[in-house]
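Hi,

Here is the model I promised to pass on. Have a look, and my notes follow underneath.

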Amino acid sequence: MAFLIIAPDTKVTSWVKHLSLLDPGIDVRIWPDTGDADEIEFALSWHHPSGEFNKYKNLKCIASLGAGVDHILTDPNLPAGVPITRVVEHSMAQSMSEYVVLGVLNHCRQFDAYRTDQSKKKWQPRIPQLAADMRIGIMGLGQLGTDVANKLSTLGFPVSGWSQTFKNIEGVDCLAGADALDDFLSQASILICMLPLTPKTRGILNHDTFDKLPTGAYVINVARGQHLIEKDLLAALDSGRLSGACLDVFAVEPLPQTHPFWHHPKIIVTPHISSITFAKAVAPQIIENYKCAQTGKPLLNVVDPKKGY
Ligand code: NDP
């Protein structure tokens, strides 16, 4: 049984190292050097070429190298019946929470303005926005959204969360379903997108959504670039409907050199780093799934292709 890593734009040395440390006998192949395609039974994937998986007729599992699986499910030519798994790992939630908490506090305490003031040697105290007055709205209460909700709640922010099915999280106002979206948005001074990218959520950060937020709301998108209609964000910032945005993900990555987000005074751009998958942390669950695939045991963290996550 051979293990294929198919991640064309990703450095995979660390993956090979940590997988081999856990299973010294593992036969890891790195795409496009696959050898005999019939020997490939497990694929670890990040942005594979469309249709590629159909070449491996003995494939038992397609494992996403990250928490999201949109990069797999958007392939219209997936082999039927091959289970797809994703990464669920505490360090990813911790890393995501650090990023989002930083984005929220940076906005509330106006650190960007102080950096600008400092560059002009300007002593300019600003009134901070109190945590208690800033309701956070988290779209998506999954592995990552729940951790962020708990941490912001502990810091004293009132927190609302919105998910597909109803949740019960202490200290968090939980709303669920499309019917609750307007109510959820109407209270969110800071809107954080932590949804998976699915047909239902694509483009959800749009003009209508921004219009339903309190005037001057702030937006943080750490999910996928395709959740955001970029021109609607620019219009909402320019009109003052929104006060700013912190974006880690973009429709096109790397963000093109000519993109207006780079120089926009109200937008913070980071290069898709809010939560990175570390091979050392994640290799154990990948190896466990590889062994489950070999022995026919149930796989961990299987996604539902119908739901899209
Ligand atoms: P989960 O699958 O654990 O959680 C997804 C959440 O979104 C669930 O609460 C789900 O609701 C909710 N949801 C899905 N569809 C809808 C909908 N139509 N309406 C309302 N709620 C919906 O995902 P994770 O928390 O692990 O990850 C979320 C996303 O974060 C990933 O899919 C990925 O795109 C992104 N990500 C970004 C990273 C980065 O570096 N920028 C790193 C890692 C992930 P329910 O619970 O009811 O099913």
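How many bridges join strand β9 to β10, and do they run parallel or antiparallel? Four bridges join β9 (residues 190–193) to β10 (residues 217–221), and the two run parallel. Ile 192 has Ile 220 as its bridge partner in β10.

Before the rest, some housekeeping. This is a predicted model, so to speak of local features pLDDT has to be at least 70, and side-chain atom pairs count only at pLDDT 80 or more, while totals for chains, interfaces and linings use all residues. Numbering starts from 1 along each chain as its sequence is written, and side-chain values use heavy atoms, with hydrogens and water left out. Helices (H or I, at least four residues) and strands (E, at least two) are DSSP runs, numbered from the N terminus.

**β10**

Five of the five residues of β10 are buried (under 20% relative accessible area with a 1.4 Å probe, protein chains only; exposed is over 50%, partly exposed in between). Ala 217, Val 219 and Asn 221 are on one side and Tyr 218 and Ile 220 on the other, so to say both faces are covered.**The open sheet**

Five strands form an open sheet in the order β2-β1-β3-β4-β5, with parallel pairing (two strands pair if DSSP finds at least two bridges between them). β2 (28–30) and β5 stand at the edges with a single partner strand each, so one side of each has no neighbour in the sheet. Further in, β1 (residues 2–6) and β3 run parallel and are joined by five bridges, with Leu 4 partnered by Ala 43 in β3. β3 (residues 40–45) then pairs with β4 in the parallel sense over four bridges, and Ser 45 stands opposite Ser 64 in β4. On to the edge: β4 and β5 (residues 84–85) pair in the parallel sense over two bridges, where Ala 63 stands opposite Thr 85.

β4 (residues 61–64) is worth a look by itself. Cys 61 and Ala 63 point one way, Ile 62 and Ser 64 point the other way, and all are buried. In a regular strand the side chains alternate between the two faces of the sheet.

**The cavity**

A search of the whole structure turned up one cavity of 30 Å³ or more. A cavity here is a set of points on a 1 Å grid over the protein atoms alone where a 1.4 Å probe fits but cannot get out, and lining residues have an atom within 4 Å of a point. The volume is about 40 Å³, taken as the space filled by probe spheres set on the points, with grid points joined across faces, edges and corners. Its lining includes Ala 63, Ser 64, Thr 85, Arg 86 and Asn 301. β4 and α9 (279–295) are the elements that give two or more residues, and α9 gives the most, with three. By type, the lining divides into four nonpolar, five polar and one charged. For that split, Ala, Val, Leu, Ile, Met, Phe, Trp, Tyr, Cys and Pro count as nonpolar, Asp, Glu, Lys and Arg as charged, and the others, Gly among them, as polar.

**The second largest pocket**

About 230 Å³ of space lies in the second largest pocket. A pocket is an open set of points with protein on both sides within 12 Å along at least five of seven lines. Of its 13 lining residues, His 107, Asp 112, Tyr 218, Ser 243 and Pro 265 are the closest to the centre. Two or more residues each come from α3 (90–109), α4 (111–119), β11 (242–247) and β12 (267–269), and β11 has the largest share, three residues. This lining holds six nonpolar, five polar and two charged residues.

**α8 and two single residues**

In helix α8 (residues 230–239), Glu 230, Asp 232, Leu 233, Leu 234, Ala 236 and Leu 237 are buried. They pack against α7 (207–212), β11 and β12 (contact means heavy atoms within 4.5 Å). Just after α8, Gly 240 takes a positive phi of about 90°.

Phe 184 lies in helix α6 (residues 181–186) and is buried, with a relative accessible area of 1%. Leaving aside neighbours within four places in sequence, Phe 184 is in contact with residues including Met 139, Trp 162, Leu 175 and Leu 191. Met 139 is 45 residues away in sequence, and the C-alpha to C-alpha distance to Phe 184 is 9.1 Å.

Arg 135 lies in the loop between α4 and β6 (136–139). A polar contact of 3.4 Å joins the side chains of Arg 135 and Asp 173; that term covers a pair of N or O atoms within 3.5 Å, where within protein one must be able to donate a hydrogen and the other to accept it, and residues adjacent in sequence count only if both atoms are side-chain atoms.

Cheers
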